[in-house]
Amino acid sequence: MATEYRPDPDAQAHIADLKSRLLDRVSGQVLDDVLRACPVSATGSNGNPPGYLRDHQRRAVEGDTARVGSDVDYGVWVEDGHRVAYRNSRGEKVYTGEVVP
């Protein structure tokens with residue numbers, strides 16, 4: 001005799017809880033990796049103290065989405081690399097030819 005299937009009324013809540021805990025754990029591990037890999041200038045940069053970019057890394061879990069990153073405006077240049085430039089006395093941007101990987 002076959003047993004009648006009865007869905008567990010708590011199954012969806014249990015799955016949502018497991019998913020939330022997984023995203024929290026994984027985003028925490030990613031943040032730990034980001035913090036270890038983030039370069040720290042001995043003198044600071046852009047008028048910020050040393051470690052500013054590293055100290056402004058965040059993570060957030062909202063629903064099915066986990067985000068890890070920073071809202072520091074130069075973070076993308078550190079992540080992707082950039083050419084070295086400065087402004088001369090006339091305010092013109094001058095590229096040195098050096099590249100920061």
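User: What makes strand 3 stand out in the lining of the largest pocket?

Analyst: Its share: strand 3 supplies six residues, the largest contribution to that lining. Keep in mind that this is a predicted model. Helix 2 (52–55), helix 3 (75–80) and strand 4 (93–100) also give at least two residues each, as does strand 3 (82–87).

User: Why is a residue such as Tyr74 said to line the largest pocket?

Analyst: Lining residues have an atom within 4 Å of a pocket point. Tyr74 is one of the 24 residues that line this pocket, so Tyr74 has such an atom. Tyr74 is also listed with Asn46, Trp77, Val78 and His82 as the closest to the centre. The space itself comes to about 570 Å³.

User: How do you know which class of residue prevails in that lining?

Analyst: By counting classes: 15 residues are nonpolar, six are polar and three are charged. Trp77 and Val78, from the central group, belong to kinds that count as nonpolar, whereas His82 counts as polar because His is in neither the nonpolar nor the charged list.

User: What makes helix 3 notable in the second largest pocket?

Analyst: Happily, that one is simple: helix 3 gives the most to this lining, with four residues. The pocket holds about 250 Å³ of space. Its lining has 13 residues, and Val34, Leu53, Gln57, Gly75 and Glu79 are the closest to the centre. Helix 1 (11–37) and strand 2 (65–70) join helix 3 in giving two or more residues.

User: Why is Gly75 counted as polar there?

Analyst: Gly is placed among the polar residues by the classes used, so Gly75 falls in that group. The lining has eight nonpolar, four polar and one charged residues.

Note on methods. Residues are numbered from 1 along each chain as its sequence is written. This is a predicted model: local features need pLDDT of at least 70, side-chain atom pairs count only at pLDDT 80 or more; totals for chains, interfaces and linings use all residues. Side-chain values use heavy atoms; hydrogens and water are left out. On a 1 Å grid over the protein atoms alone, a cavity is a set of points where a 1.4 Å probe fits but cannot get out, and a pocket is an open set with protein on both sides within 12 Å along at least five of seven lines; lining residues have an atom within 4 Å of a point. Grid points are joined across faces, edges and corners, and a volume is the space filled by probe spheres set on the points.
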